[in-house]
Structures are given as structure tokens and as C-alpha cells.
Amino acid sequence: MSQVSWDIATMERHLPDGGTCPDGAVYTVHWTASLEENGESASCYGSIGLGAPDPQSFTPFADLTKQEVVNWVLATLGVDKVVSIEESLHNQIQQKINPTDATGVPW
């Protein structure tokens with residue numbers, strides 16, 4: 001079974017205004033999850049809101065890595081939701097490979 005690929009589409013952040021974090025703080029992350037198996041693909045898109053950053057572990061925007069932000073997404077979604085999303089992608093591909101419904105007309 002193939003591995004689901006998690007990615008970050010974009011992030012929304014507050015711009016520095018002198019009273020907030022110097023590099024701004026990310027407050028929304030838009031993510032994608034995609035899977036390719038047996039020549040078929042499936043993907044989904046979502047977003048999560050983040051709370052105020054912890055000043056003790058704050059990473060400036062310019063220093064964030066993709067993996068760090070993906071980890072935020074996975075942690076915020078939680079194990080059950082991540083498993084559900086990944087199972088849904090596998091099921092979408094299986095439906096493409098072994099369809100149970102069809103459309104069309106007989107003529």
C-alpha cells in the first residue's frame with residue numbers, strides 16, 4: 001500500500017506591527033493530502049486554524065520548514081482524523097480501480 005503525501009498549499013499569518021511576534025504568527029494552514037496507487041490518484045484539501053503561538057517555542061515565519069508545519073497539521077487534526085482522511089483516499093482509488101457504479105445511456 002502506498003504512503004499518503006501531506007503537503008502545505010499556503011499559510012495565513014499576521015504581519016508584524018510592533019506589538020505581535022516579530023515575524024508574524026501563522027494562524028491558518030491550508031493543506032493537501034494525496035495518494036497515487038496503481039496508476040490512479042486521489043487527493044483532498046483542507047485548512048486548520050491555529051491558536052496563539054507559544055512564545056517559548058515560537059519559530060519565526062522565515063525559519064519554518066514544510067515538515068514542521070505538516071506536523072502541526074497532523075497534530076491538530078489528530079490521529080483519528082488523519083487515519084480517516086488516509087483511508088478515504090485509499091477508498092477513492094479502489095473505487096476508481098473497481099467501480100461499483102456507472103453513468104451513461106444504453107444508446
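## Two tryptophans

A residue counts as buried when its relative accessible area is under 20%. Trp31 comes in at 6%, so Trp31 is buried. Trp6, with a relative accessible area of 11%, is buried too. Keep in mind that what you're looking at is a predicted model.

These two residues also meet. The structure has 1 aromatic pair, and Trp6 and Trp31 form it, with 5.2 Å from centre to centre and 45° between the planes, a tilted arrangement. Trp6 sits in strand S1 and Trp31 in strand S2, so their pairing ties together parts that are 25 residues apart in sequence.

## The nonpolar core

Who's at the heart of the largest nonpolar core? It has 18 residues, and the ones touching the most other members are Trp6, Ile8, Val29, Trp31, Ala33, Val73 and Leu89. Strands S1, S2 and S3, along with helices H1 and H2 (79–97), each chip in at least two residues. S2 gives the largest share of this core, with 5 residues. As a general point, nonpolar side chains in soluble globular proteins tend to be buried together.

Val29 is a handy place to start clicking around. Setting aside neighbours within four places in sequence, Val29 is in contact with a list of residues that includes Ile8, Thr10, Met11, Ile48 and Leu50, as well as Val69, Trp72 and Val73.

## Helix H1

H1 covers residues 66–77, and a quick check on its length works out: at 1.5 Å a residue, its 12 residues should span 16 Å, and the end C-alpha atoms are indeed 16 Å apart. Its buried residues are Val69, Val70 and Val73. Looking down the axis of H1, those buried residues fall within an arc of 105°, so they line one face of the helix. The general background is that an α-helix has 3.6 residues a turn, so residues three or four places apart point the same way.

What covers the buried residues of H1? The cover includes strands S1 (5–13), S2 (26–37) and S3 (40–49). After H1 comes Gly78, with a positive phi near 90°.

## A salt bridge

How many salt bridges are there? The count comes to 1. Lys66 and Asp7 form a salt bridge, with their closest N and O atoms 3.4 Å apart. Lys66 belongs to helix H1 and Asp7 to strand S1, so this pair ties together parts that are 59 residues apart in sequence. Is Asp7 buried, exposed or partly exposed? With a relative accessibility of 31%, Asp7 counts as partly exposed.

Terms used: Residues are numbered from 1 along each chain as its sequence is written. This is a predicted model: local features need pLDDT of at least 70, side-chain atom pairs count only at pLDDT 80 or more; totals for chains, interfaces and linings use all residues. Side-chain values use heavy atoms; hydrogens and water are left out. Helices (H or I, at least four residues) and strands (E, at least two) are DSSP runs, numbered from the N terminus. The expected span of a helix is 1.5 Å times one less than its number of residues. Buried means under 20% relative accessible area, exposed over 50%, partly exposed in between (1.4 Å probe, protein chains only). The arc is that of the directions from the helix axis to the C-beta atoms. Contact means heavy atoms within 4.5 Å. A salt bridge is a side-chain nitrogen of Lys or Arg within 4 Å of a carboxyl oxygen of Asp or Glu. A nonpolar core is a set of buried Ala, Val, Leu, Ile, Met, Phe, Trp, Tyr and Cys residues joined through side-chain atoms within 4.5 Å. Rings of Phe, Tyr and Trp (its six-membered ring) pair if their centres lie within 6.5 Å; planes under 30 degrees apart count as stacked, over 60 as edge-to-face and the rest as tilted.
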